[in-house]
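Please find below a short note on the structure, set out as numbered points for discussion at the bench.

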Amino acid sequence: MQPMQLQMLLDFINKLEKNGIYYTMTSIREDAIMVEATKLGQDAIRERWEVEFFASGKIEAEMFLSHGVFSGESVLKRVLGERD
């Protein structure tokens, strides 16, 4: 990772911390660091962001929205794509 890309990553993390946004960092590719950030969006919809900082300088992001909580044993089947 080049110094400028590293600084962008550090600046991003510092802003997450300053804004009280929970995050974790991981690496699922050998050429990138991924920051997963979770926050509440409008109308209490939870947002989860995956932001990848690549060694080449490229930055990619993907957002996932949650519209509620599901409970009960049927959730396990739903996650696995199984039908009742």
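The points that follow take up the core, the surface, the salt bridges and several single residues.

1. Basis of the note. The structure is a predicted model, and the remarks below should be read as remarks on that model.

2. The nonpolar core. The largest nonpolar core is formed by 7 residues, namely Leu9, Ile13, Leu16, Val35, Ala37, Val51 and Phe53. Helix H1, strand E2 (32-40) and strand E3 are the elements that each supply two or more residues to this core. The largest share, 3 residues, is that of H1. In soluble globular proteins, nonpolar side chains tend to be buried together.

3. Ala37 within that core. Ala37, one of the core residues, has a set of contacts beyond its neighbours within four places in sequence: Leu16, Ile21, Tyr22, Tyr23, Glu47, Arg48 and Trp49. Leu16 is itself listed in the core.

4. Tyr22 and the residues it meets. Tyr22 belongs to strand E1, which covers residues 22-26. Once neighbours within four places in sequence are set aside, Tyr22 is in contact with Glu36, Ala37 and Thr38. The C-alpha atoms of Tyr22 and Thr38 are 5.6 Å apart, although 16 residues separate the two along the chain. Is Tyr22 buried or exposed? With a relative accessible area of 56%, Tyr22 is exposed, because the cut-off for that class is over 50%.

5. Gln5 and Met8 in helix H1. Both residues should be examined together with the helix that carries them. Gln5 is found in H1, and Met8 lies in the same helix, which spans residues 3-18. Gln5 is buried at a relative accessible area of 8%, whereas Met8 counts as partly exposed at 36%. Apart from neighbours within four places in sequence, Gln5 is in contact with Phe54, Ser56 and Gly57.

6. A nonpolar surface patch. Met8 also takes part in a nonpolar patch on the surface, together with Met4 and Ile59. The area of this patch is about 290 Å².

7. Glu52, a buried acidic residue. Glu52 is situated in strand E3. Its relative accessible area is 9%, so Glu52 counts as buried, the cut-off being under 20%. Not counting residues up to four places away in sequence, Glu52 touches Ile28, Arg29, Ala32, Ile33, Met34, Lys58, Ile59 and Glu60. By contrast, the C-alpha atoms of Glu52 and Val69 are separated by 27 Å, with their positions 17 residues apart along the chain.

8. The Glu52 and Arg29 pair. Which residue forms a salt bridge with Glu52? The partner is Arg29, and the N to O distance is 3.3 Å. Glu52 lies in strand E3 and Arg29 in the loop between E1 and E2, so the pair ties together parts that are 23 residues apart in sequence. The two partners differ in exposure: Glu52 is buried at 9%, while Arg29 is partly exposed at 37%. The side chains of Glu52 and Arg29 also make a polar contact at 3.3 Å.

9. Other salt bridges. The count of salt bridges comes to 4. One of them joins the side chains of Glu36 and Arg48, at 3.3 Å from N to O. This pair links distant parts of the chain, with Glu36 in strand E2 and Arg48 in strand E3, 12 residues apart. Arg48 is partly exposed, its relative accessible area being 29%. Another salt bridge is formed by Lys58 and Glu60, whose closest N and O atoms are 3.1 Å apart. Both of these partners are partly exposed, Lys58 at 42% and Glu60 at 33%. In addition, Glu36, Arg48 and Glu50 are joined into one network by salt bridges that share partners.

10. Glu50 and its surroundings. Glu50, a member of that network, lies in strand E3, residues 46-54. Its side chain makes a polar contact of 2.9 Å with the side chain of Arg48. Leaving out residues up to four places away in sequence, Glu50 touches Met34, Val35, Glu36, Glu60, Ala61, Glu62 and Phe64. Glu36 thus appears both among the contacts of Glu50 and as the salt-bridge partner of Arg48.

Key: Residues numbered from 1 in each chain as written. Predicted model: local features only at pLDDT ≥ 70, side-chain atom pairs only at ≥ 80, totals over all residues. Heavy atoms only, no water. Helix = DSSP H or I, 4+ residues; strand = E, 2+ residues; numbered from the N terminus. Buried < 20%, exposed > 50% of the residue type's maximum accessible area, 1.4 Å probe, protein only. Contact = heavy atoms within 4.5 Å. Polar contact = N/O pair within 3.5 Å; in protein donor to acceptor, adjacent residues only side chain to side chain. Patch = residues over 30% accessible without salt bridge, like charges linked within 9 Å, V, L, I, M, F, W, Y side chains within 5 Å. Areas by Shrake-Rupley, 256 points an atom, 1.4 Å probe, with all protein chains shown as cover. Core = buried A, V, L, I, M, F, W, Y, C linked by side-chain atoms within 4.5 Å.
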